[in-house]
Amino acid sequence: MDSEVLEFDIGLGGGSSGRDGDEDAMDISHHVDEEDMVDSPLPVTWGGSGEIYLPEGDLLDLEPYEGMEFESEEAAKAFYNSYARRVGFSTRVSSSRRSRRDGAIIQRQFVCAKEGFRNLNEKRTKDREIKRPRTITRVGCKASLSVKMQDSGKWVVSGFVKEHNHELVPPDQVHCLRSHRQISGPAKTLIDTLQAAGMGPRRIMSALIKEYGGISKVGFTEVDCRNYMRNNRQRSLEGEFQLLLDYLKQMQAENPNFFYAVQGDEDQSTGNVFWADPKARINYTYFGDTVTFDTTYRSNRYRLPFAPFTGVNHHGQPVLFGCAFLINESEASFVWLFKTWLMAMSGRPPVSITTDHDAVIRSAINQVFPETRHRFCKWHIFKKCQEKLSHVFLQHPHFEAEFHKCVNLTESIEEFESCWLSLVDKYELRDHEWLQTIYAARRQWVPVYLRDTFFAEMSITQRSDSMNSYFDGYVNASTNLNQFFKLYEKALESRNEKEVKADYDTMNTSPVLKTPSPMERQASELYTRKLFMRFQEELVGTLTFMASKADDDGEIITYQVSKYGEDHKAYCVKFNVLEMKASCSCQMFEFSGLPCRHVLTVFRVTNVLTLPSHYMLKRWTRNAKSSVMLEERSNDAYTNYLESHTVRYNTLRHEAFKFVDQGAKSLDCYNVAVDALQEAAKKVAVAAKNDGKTTMGNGRIRGNSASDANRANSVSGNHHASSNQHLSEDDMDKKIRELNNELNFASRKCEVYRANLLSVLKDIEDHKLQLSIKVQNIKISMKDSL
């Protein structure tokens, strides 16, 4: 159930009073199901002054008895709870009676927390599925203490049942019982101080245990500390909520494209909030294929429940797609948030999304993004692994490295499954509950299951970095809402400056080429600097790889690609020669958008000299944010020649291999094939001799027969007899060469104009961005001065 504060005294609940047989008394049954209450200590509300009554002197060692008197109801409560602590059980209020005359409580009954039985057919539970059923703790215990108010105003014990029907709790565990868990004033002060310093619940509890000399003397559990910190944070935010709304309203007034939304009514004191500035919404149109929803700041270590949506730009840098403050973290709230974010992003869902390992978030994503591939953040799972398996890490120093190797370096699903089973058996962890949980969810975080989907990561095997990288160095555990806005704007400004710097480096400096490959030169002119460096690593890596043909079905050629001397670890590359498309078993292109060294090795051995256009994702190029629709590849004559030559070469080679296979089947086939090759060789020689006198189209020579030439000459003579009748064959050759030269010169000029145009457009975009940054700086300085 959702967190709530129940106003019962030290967990004893509400009560009743009244005198037996009093005609003016009425019965009020008040049953509190402790199993359904929040697992945290309850606020002490004894008396009007708010002070706690504690038994003094001999009362500390007394056992209740009928006729025992107390000055007040609060004193009776405190005494019975103190007695329960000494004996080893927890208490609660079972029933009460009120006076018919004035409604005052005149009788209370305090019982053992295990009194009665849970009602499994309650109306509040029978119509809904209980996702996390609580352990049944009620066993029908009869132990109780009844008190009633006398005419004198004092309270007297009217009934006492001592016997319990269950085991009692030993003294060193009694602090875990609900009615005995209290966070004292000094403890609250210490928690507040340590939370403000950025410490999490676990470290704070360690400090408290050290301060008080043991967990039993602290008086409450880590869960209580965690709940107190969460409630403390929520109370703090309620007071600052209007500050957040005022800031968002001001930003929207300055720019109508600034988007924000509040779940529920803006007049409420608190609620979930989402916002996205115009730049974030524009960035999503360029780089919204993969998104990270970072919930790191939800943890109680942080004072702000802050959750940004981020992505990756064309330089591999984090880019912002919007932010949220999550006061309420129910499934309905996440559904609202994701729908609101999707609306702000023009309704276009991402290809993939990465989040923390959280069942509530997963359910919300399945509802709002049913077609989006959902991945759990590997970094968070590894971090949680250090907590859940700390005893294994201490006992077995090599376990962490083996765990990382199993997750990151396995090449196939079968290899991962085998490695995982071997690992859990080796360290006797097959029955570990948390490991079973993450293994059940392996398809959403282990890379080998996710490689067929784009996540914009530069390497499949890299260790996952922390998701909260966009605001690292700005928002931290001690940041409050008053400080947040300035730090938020500084983070945006810093990220913008880094992107501008990366754009400048890409456009105004040339990388060092490491090979004579035309493909490397082509990539250096199209990719951004960081992406080119990553591509260059793959291209240079092909020099240590070899490819051998394993199969050819007439359309697809299959290659086995491996490092020299490592034939046992081969990658399978399927290459469609006619479509110039290759797919690798490592699936790096599908995962990161960059061709792997295995595919590039096949391109090298098959004489593919330039990278086919479908391998150049625009989101990784220097023109990723350009709104001008220009050819994404270089169009100079040299590149066109290389590409057309590559297509012709590979097509002929493919056909020749099939011809050889057929011709070698028998002696007759061989003789026919040799004759055909000799005849074809003569025709090719004639065509090569006449090269330049004929036009080229789609890799075939037009007009390469005598009849074609005669028809062409006849047509030419009919239409141009007056101008061409005196031209000799040498003069025609000379004229054709001149026209070809003019055409090539015009093509080069077009390329220069095109390059200049791209440069001007880029300068305009850079200038606009710089002006935007200057305007933001002026606004920030004006705010600071005010």
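Colleague: Let's start at Phe293: which residue in S10 does Phe293 stand opposite?

Modeller: Phe293 faces Phe309 of S10. Keep in mind that we're looking at a predicted model. As for the general idea, strands in a sheet pair through backbone hydrogen bonds, and the pairing can be parallel or antiparallel. Here, S9 (residues 290–293) and S10 (residues 306–312) are joined by two bridges in the antiparallel sense.

Colleague: And what strand order does the sheet around them have?

Modeller: Reading across, you get S7-S8-S11-S10-S9-S12-S13, an open sheet of seven strands with mixed pairing. Its edges are S7 (259–262) and S13, each of which pairs on one side only. From one strand to the next, the twist averages 20°.

Colleague: I stopped at Gly271 while tracing that sheet. Where is Gly271 found, between which strands?

Modeller: Look in the loop that links S7 to strand S8 (273–276). Gly271 has a relative accessibility of 11%, so it counts as buried.

Colleague: Which residues is Gly271 in contact with, leaving aside neighbours within four places in sequence?

Modeller: With those neighbours set aside, the contacts of Gly271 are Phe241, Gln263, Phe325 and Ile327. You can also check a C-alpha separation: Gly271 and Ser333 are 62 residues apart along the chain, and their C-alpha atoms are 9.5 Å apart.

Colleague: Let's try another loop residue. Is His357 buried or partly exposed?

Modeller: His357 is partly exposed, because its relative accessible area is 27%. You'll find His357 in the loop between strand S12 (352–355) and helix H9 (359–368). Not counting residues up to four places away in sequence, His357 touches Phe376, Ile381, Thr437, Ile438 and Ala441. Take Ile381 from that list: the C-alpha atoms of His357 and Ile381 are separated by 7.1 Å, with their positions 24 residues apart along the chain.

Colleague: Ile381 brings us to H10. Which residues in H10 are buried?

Modeller: The buried residues there are Lys378, His380, Ile381, Phe382 and Cys385. They pack against strand S13 (373–376), helix H11 (390–395), H12 and helix H14 (433–440).

Colleague: How would you describe the packing of H10 with H12?

Modeller: For two packed helices, the usual description is the angle between their axes together with the distance between those axes. In this case, H10 (residues 378–388) and H12 (residues 399–408) have axes that come within 12 Å and cross at roughly 155°. The two helices are therefore roughly antiparallel to each other. As for handedness, H10 passes H12 in a right-handed crossing.

Colleague: Which side chains should I pick out where H10 and H12 meet?

Modeller: On the H10 side, go for Lys378, Phe382, Cys385 and Gln386; these meet Phe399, Glu400, Phe403, His404, Val407 and Asn408 in H12. Sorted by class, the contact comprises five nonpolar, three polar and two charged residues.

Colleague: Now for the other sheet. In what order do the four strands of the open sheet come?

Modeller: That order is S14-S15-S16-S17, and the pairing is antiparallel. S14 (545–552) and S17 (581–584) form the edges, each pairing on one side only. The twist in this sheet averages 25° from one strand to the next.

Colleague: What packs on that sheet?

Modeller: Helix H19 (residues 597–605) does, touching S14, S15, strand S16 (571–576) and S17. The direction of H19 makes about 75° with that of S14.

Colleague: How many bridges join S14 to S15?

Modeller: Seven, with S14 and S15 (residues 556–563) running antiparallel. To follow the register, start with Phe545, which stands opposite Lys563 in S15. Then go to Lys549, whose bridge partner in S15 is Tyr559. In the hairpin itself, there are three residues between the strands, and Gly554 takes a positive phi near 95°.

Colleague: Finally, let's zoom out. How many helices and strands does the protein have?

Modeller: There are 23 helices and 19 strands. The protein has 786 residues, and 44% of them count as buried. For contacts along the chain, take those between residues at least 6 apart in sequence: 66% of them join residues at least 24 apart. The pair you looked at earlier, His357 and Ile381, are in contact and sit 24 residues apart along the chain.

Definitions and conventions:
Residues are numbered from 1 along each chain as its sequence is written. This is a predicted model: local features need pLDDT of at least 70, side-chain atom pairs count only at pLDDT 80 or more; totals for chains, interfaces and linings use all residues. Side-chain values use heavy atoms; hydrogens and water are left out. Two strands pair if DSSP finds at least two bridges between them. Axes are lines fitted to C-alpha atoms, for helices over the stretch in contact, and angles run from 0 to 180 degrees between N-to-C directions. Contact means heavy atoms within 4.5 Å. Angles under 35 degrees count as roughly parallel, over 145 as roughly antiparallel, 65 to 115 as roughly perpendicular and the rest as oblique. A crossing is left-handed if the near helix is turned anticlockwise from the far one by less than a right angle, and right-handed if clockwise. Ala, Val, Leu, Ile, Met, Phe, Trp, Tyr, Cys and Pro count as nonpolar, Asp, Glu, Lys and Arg as charged, and the others, Gly among them, as polar. Buried means under 20% relative accessible area, exposed over 50%, partly exposed in between (1.4 Å probe, protein chains only).
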